[in-house]
Every structure is written in C-alpha cells, then in structure tokens.
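Work through the following exercises with the sequence and the model side by side. Each task is followed by a solution in steps.

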Amino acid sequence: MPRGDKDAYTDKQKRKAAHIEQGYEDRGMPEKEAEARAWATVNKDSGGGNKSGSGRGKPDTHDASSRGGRAHASGSAEQRSAAARKGWDTRRKNAAKR
C-alpha cells in the first residue's frame, strides 16, 4: 500500500478526519497542513487504520482532545496565583462551616 493511502481507515475515521480538516481550514490553515494535522489527530485517537471487521479495530482513546480548554493557561502568573489563593480561601471557609 503506498504512503498516504487511506484504504485501511474506517468510514468513521475518514469522516472524523474530514471534520477536523475543515475546522483547521476555517481557521486559515493551508489545505495540505490541515489534512496532515487532521490525519495525525485521527491516528493519535485511534492508533491508525481500523478497517472494519470483528477483532480488527482498537477503541478510540480521545488522547488528542483531552487537552480541551487547557491549550493555553489563561491570564498572567499573578492572576493565576490570585485565583489559586481565592479558591484556597473558599475551600477553607467551606470546611469551617461543616
């Protein structure tokens, strides 16, 4: 099978890659780069091609999407530190009420 051949992938994996690719393109990424990243994401989630059939696939891990919302720490170091102090104070007050 030549490199880049997608025959070993299930229809679900192909749909997933197309959807991810479209999202990258909507954000202004070149088409070839978007396609490469989309297939890399599918490969990370499912371990590569999972042609359908009993015992021929591996379950999806969703590793690539597990970082959702944590790609960049929001705010400066001072803001994160202040938020941590505020949370600690709240937890301490709530524990004292019990």
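Buried means under 20% relative accessible area, exposed over 50%, and partly exposed in between, with a 1.4 Å probe and protein chains only. This is a predicted model, in which local features need pLDDT of at least 70 and side-chain atom pairs count only at pLDDT 80 or more, while totals for chains, interfaces and linings use all residues. Residues are numbered from 1 along each chain as its sequence is written, and side-chain values use heavy atoms, with hydrogens and water left out.

**Exercise 1.** Determine which parts of the chain the salt bridge of Asp45 and Lys16 links, and classify the accessibility of Lys16.

*Solution.* A salt bridge requires a side-chain nitrogen of Lys or Arg within 4 Å of a carboxyl oxygen of Asp or Glu. The side chains of Lys16 and Asp45 form such a pair, at 3.0 Å from N to O. The pair links distant parts of the chain, since Asp45 belongs to helix 2 (residues 31–46) and Lys16 to helix 1 (residues 11–26), 29 residues apart; helices are DSSP runs of H or I with at least four residues, numbered from the N terminus. Lys16 has 23% relative accessibility and is therefore partly exposed, whereas Asp45, at 3%, is buried.

**Exercise 2.** Describe the salt bridge between Arg37 and Glu33 and its setting.

*Solution.* The N to O distance between these side chains is 2.9 Å. Both Arg37 and Glu33 lie in helix 2, four residues apart, which is about one turn of the helix. Arg37, at 38% relative accessibility, is partly exposed, and so is Glu33, at 35%.

Note on methods
Helices (H or I, at least four residues) and strands (E, at least two) are DSSP runs, numbered from the N terminus.
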